[in-house]
Each structure stands twice: as structure tokens, then as C-alpha cells.
Amino acid sequence: PRHFAIVPAAGSGSRFGAEKPKQYLSLLGRPLIFHTLAALVACPDIDRVWVVLAPDDSEWGRYDWSELGAKLETVRSGGATRAESVANGLQAAAMVAAEDDWVLVHDAARPCLSADMLAALFHELADDPVGGILAVPVADTLKRADASQRVAATEPRDGLWQAQTPQMFRYGRLVEALEKCSAVTDEAGAIEALGLPPKLVRGDTTNLKVTYPADLALAAMILRGRK
Ligand code: CTP
Ligand code: MG
């Protein structure tokens, strides 16, 4: 089977609160999403990468993406939710992808994906019947809040992981999963709703999602440290 990537990039970055969507903010002199896409197209096992833009995106066209090569395709079919954007991206891939090809869904907002992380994912999931996701064990102590924002309980963090992306599943099954269950915040959630257990592949905390301004500064440090 082949491997394809879908990159949902149709969010507005409301928590970040910048003047434009965070995927286009400058990171080491490039739009943030450039780094995300560069990591994916550099992977020899990934045949094609679909970037899902918002229909009214006015930023993508401002930049020259030719450096990233011919694997890149854009579709302007972003939806109201991330799951919808991913489902629309999968639809665009339908002409190329076979049922048992692998799809890696990766957030545009995770620019620090590395070749090592991709290699771990491919290695751990090569013969896997379900597929899986990069994730890291929860590091902080977890508190459950009551209605007045006081601690109702301390939750044991044993066995709790933070989900990251890429999330890698078979094309046909992922389409089916998202059709049946679109009220999810990641692809694994939809696969779980089919009764299947995705594998947790240990990733790295440097694969952070840029959500708030401090994350952008951290991403810059991480990428600079690798060069
Ligand atoms: N995304 C998308 N379509 C949406 C919402 C999100 O393609 N309707 C994408 C974002 O562009 C991002 C990824 O999904 O690459 C993860 O979402 P998130 O970090 O929540 O980004 P935003 O939704 O843009 O940020 P916020 O929730 O703060 O508005
Ligand atoms: Mg969001």
C-alpha cells in the first residue's frame, strides 16, 4: 500500500488571536505551514500531500510553494470543523487512493514534525491491523474541577497520553469512520467509535501544536536547534 498525507489548514486560529490564521505566521522567515509541509514532502514513503484550505483563504496565494515539489496538492474545501476539513480532503484524494492505502492526517499547526517521528510511526504501524497516532504520556498532574473551579478530584495520570498528529489509518476505513462519526476532535476518535483501538506510538513533546503565542516562540527554538 502507498502512503498519502492530508493536512487540515482551514482553521482561523482564534485562540492564538493574530491578525491572520496562525498557519501563515512567520516562523524562521517562512510561513509556519511551510515547515509542516516540508517535513511531509521530504518523506520518501509519502506519495502525495493534500492541503485543505478554507474556501476564502487569502494567504496561500501570496507565497511561492514550488520549492516543496510536485507532491503537493491544494483543495479549497475546508469545513466548519477540523473533522469536516479532513473528510473533504479525503474526498479529494478519492481519485488516487485505494481502500487499503495509508493516510496520514497531520495538523498544519504542527511545524516541528521530524523525519524520526515519521519513521517511528511507519515502523510501528507497518503491519498494524488498525493504525495509530503519535502521542506522548501526560506529564502534568491532572485536576478535575467542580462548578466553582475548585478541585473535585486528582485524576491518576497513569496510562493517559496526549494525542498528537500524524494520525495514520487505512484510507477506506478512515472515510467510513468519519462518515459515521464526525463529532470528534481527532481521527483516532472516529476509529475508536467503530470499536477499533488505535495504537499509541510514542512521539516527542517537540511535536507541539501551535495554539497560543508562546507555542510559536517554542517552535522557533525547536527548529533552530535542529539546523
Ligand atoms: N482546522 C481545519 N478546519 C477547521 C478547523 C481547524 O482545517 N474548521 C485545522 C487547523 O488549521 C489546524 C488543525 O486543524 O491546522 C488543528 O486545529 P486547531 O489547532 O484547533 O486550529 P484552529 O482551529 O485554527 O485554532 P483555534 O481552535 O484556536 O481557532
Ligand atoms: Mg480549532
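**Exercise 1. Helix α1**

Task: In this predicted model, find how many residues of helix α1 (residues 32-41) are buried, and which elements cover them.

Solution:
- Step 1. Count the buried positions: 7 of the 10 residues of α1 are buried, and the helix is mostly covered.
- Step 2. Name them: the buried residues of α1 are L32, I33, F34, T36, L37, A39 and L40.
- Step 3. Look for what lies over these residues. The cover of α1 includes the strands β1, β2 (26-27), β3 (30-31), β4 and β5.

**Exercise 2. A residue in a loop**

Task: Locate E67 and decide whether E67 is buried or exposed.

Solution:
- Step 1. Place the residue in the chain: E67 belongs to the loop between β4 (46-53) and β5 (72-75).
- Step 2. Count the neighbours. E67 has 11 other C-beta atoms within 10 Å.
- Step 3. Compare with the cut-off: a residue with 12 or fewer such neighbours is exposed, so E67 is exposed.
- Step 4. Relate E67 to the helix of Exercise 1. F34 is 33 residues away from E67 in sequence, and their C-alpha atoms are 9.8 Å apart. F34 is one of the buried residues of α1.

**Exercise 3. Strand pairing**

Task: State which strands pair with β1 (3-9), and follow the pairing outwards on both sides.

Solution:
- Step 1. Start with β1 and β4. These strands run parallel and are joined by 7 bridges. Within this pair, V7 is opposite V51 of β4.
- Step 2. Continue from β4. It pairs with β5, also in the parallel sense, over 4 bridges. Here V51 is opposite T74 of β5.
- Step 3. Return to β1 and take its pairing with β6 (102-105). β1 and β6 are parallel, with 4 bridges, and F4 has V103 of β6 as its bridge partner.
- Step 4. Continue from β6. Its pairing with β10 (residues 161-170) is antiparallel and has 4 bridges. L104 has M168 of β10 as its bridge partner.
- Step 5. Check how enclosed β4 is. Of its 8 residues, 6 are buried, so β4 is largely enclosed by the rest of the structure.

**Exercise 4. Two faces of a strand**

Task: Which residues of β6 are buried on each of its faces?

Solution:
- Step 1. Recall the general pattern: in a regular strand, side chains alternate between the two faces of the sheet.
- Step 2. Apply the pattern to β6: W102 and L104 are on one side, V103 and V105 on the other.
- Step 3. Check burial. W102, L104, V103 and V105 are all buried, and both faces of β6 are covered.

**Exercise 5. The nonpolar core**

Task: Give the number of residues in the largest nonpolar core and name those with the most contacts inside it.

Solution:
- Step 1. The largest nonpolar core has 57 residues.
- Step 2. The residues with the most contacts inside this core are I6, V7 and V103.
- Step 3. Take I6 and leave aside neighbours within four places in sequence. I6 is then in contact with W50, V52, V86, G89, L90, A93, V103 and V105.

**Exercise 6. Helix α2 and A83**

Task: List the buried residues of α2 (82-92), then examine A83.

Solution:
- Step 1. The buried residues of α2 are A83, S85, V86, A87, N88, G89 and L90.
- Step 2. Their cover includes β1, β4, β5, β6, α4 (171-180) and α5 (187-193).
- Step 3. Turn to A83, which counts as buried because it has 21 C-beta neighbours inside 10 Å.
- Step 4. Find its distant contacts. Residues up to four places away in sequence aside, A83 touches L178, S182 and V184. A83 and T185 are 102 residues apart in sequence, yet 6.8 Å apart from C-alpha to C-alpha.

**Exercise 7. Around ligand 1**

Task: Describe the residues that surround ligand 1.

Solution:
- Step 1. There are 23 surrounding residues, and the closest are P8, G11, S14, R15 and S85.
- Step 2. Sort the shell by type: 9 residues are nonpolar, 10 polar and 4 charged.
- Step 3. Assign elements. β1 and α2 each supply at least two residues of the shell.

**Exercise 8. The whole chain**

Task: Describe the overall build of the chain.

Solution:
- Step 1. The chain has 6 helices and 11 strands.
- Step 2. Its radius of gyration is 17 Å, close to the 17 Å from the globule rule for 227 residues, so the chain is as compact as a globular protein of that length.
- Step 3. Of the 227 residues, 37% count as buried.
- Step 4. Among contacts between residues at least 6 apart in sequence, 70% join residues at least 24 apart.

Methods. Residues are numbered from 1 along each chain as its sequence is written. Chains are lettered from A and ligands numbered from 1 in the order in which they are written. This is a predicted model: local features need pLDDT of at least 70, side-chain atom pairs count only at pLDDT 80 or more; totals for chains, interfaces and linings use all residues. A residue is buried if 20 or more other C-beta atoms lie within 10 Å of its own, exposed if 12 or fewer, and partly exposed in between; C-beta atoms are placed from the backbone. A residue is near a molecule or strand if its C-beta atom, placed from the backbone, lies within 6 Å of it. Ala, Val, Leu, Ile, Met, Phe, Trp, Tyr, Cys and Pro count as nonpolar, Asp, Glu, Lys and Arg as charged, and the others, Gly among them, as polar. Two residues are in contact if their C-beta atoms, placed from the backbone, lie within 7 Å. Two strands pair if DSSP finds at least two bridges between them. The radius of gyration is taken over C-alpha atoms; the globule rule is 2.2 Å times the number of residues to the power 0.38. A nonpolar core is a set of buried Ala, Val, Leu, Ile, Met, Phe, Trp, Tyr and Cys residues joined through C-beta atoms within 7 Å.
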